[in-house]
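Colleague: Could you take a close look at one part of this model for me, the charged side-chain pairs, and then tell me what lies behind them? A connected walk-through would be lovely.

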Amino acid sequence: MAEALAKMSNVEIDPEGTFKYILVKVKVKDGDVHKDIIRGTKSAEYHNHIFEKVSPAMESLGLVCQCLGGGKIEHNSTDRKLRVFGESTAFGKADHSVAVEMLKSVYGDYEVSWSDDKK
């Protein structure tokens, strides 16, 4: 199970546009090993739609998830910019500073920022 956790990508977001994202803590069932992941997509009308896809996929690997909050990501691949903002009505606001650091680790050549603005 820990191997599945180690192989899992930390960040999976759409390549362009503005969309909802969630910050999820994934851990080995009955264990202490865990990591945080980001998932975001334009196809989700609500934040819980993302979680409803992530959670069963993780459970099938013997992992459990907890949503730590959500927000939105504005992804501009042309200008190489990512902006994290907003919050989830269902899950509350994710810690955007954590999300930004995770995004920077994947999008190292991007300008990555966050704000507490709603829009």
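**From a helix pair to the core**

Modeller: Happy to! Glu101 and Lys104 form a salt bridge, with their closest N and O atoms 3.7 Å apart; the term requires a side-chain nitrogen of Lys or Arg within 4 Å of a carboxyl oxygen of Asp or Glu. Bear in mind that this is a predicted model, in which local features need pLDDT of at least 70 and side-chain atom pairs count only at pLDDT 80 or more, while totals for chains, interfaces and linings use all residues. Residues are numbered from 1 along each chain as its sequence is written, and side-chain values use heavy atoms, leaving out hydrogens and water.

Both partners sit in helix H3, three residues apart, about one turn of the helix. Helices (H or I, at least four residues) and strands (E, at least two) are DSSP runs numbered from the N terminus. Glu101 is partly exposed at 49% relative accessible area, and Lys104 is partly exposed at 38%; the class lies between buried, under 20%, and exposed, over 50% (1.4 Å probe, protein chains only).

The count of salt bridges comes to five. Another joins Asp109 and Arg80, at 2.4 Å from N to O. This pair links distant parts of the chain, 29 residues apart: Asp109 is in the loop between H3 and strand E6 (111-114), and Arg80 in the loop between strand E4 (63-76) and E5. Lys93 also pairs with Asp116, the closest N and O atoms being 3.2 Å apart. Here Lys93 comes from the loop between E5 and H3, and Asp116 from the segment after E6, 23 residues away.

H3 also contributes to the interior. The largest nonpolar core has 17 residues, and Leu103 is among those with the most contacts inside it, along with Ile13, Tyr21, Ile38, Ile73 and Leu82. Such a core is a set of buried Ala, Val, Leu, Ile, Met, Phe, Trp, Tyr and Cys residues joined through side-chain atoms within 4.5 Å. Strands E1 (11-13), E2 (17-28) and E5 (81-85) and helix H3 (96-106) each supply at least two of its residues, and H3 gives the largest share, four. Beyond its neighbours within four places in sequence, Leu103 is in contact (heavy atoms within 4.5 Å) with Val11, Ile13, Ile38, Ile73, Leu82, Val84 and Val112.

A second, separate core of 15 residues includes Cys65 and Cys67. Their sulfurs are 9.2 Å apart, too far for a bond, since a disulfide needs them within 2.5 Å.
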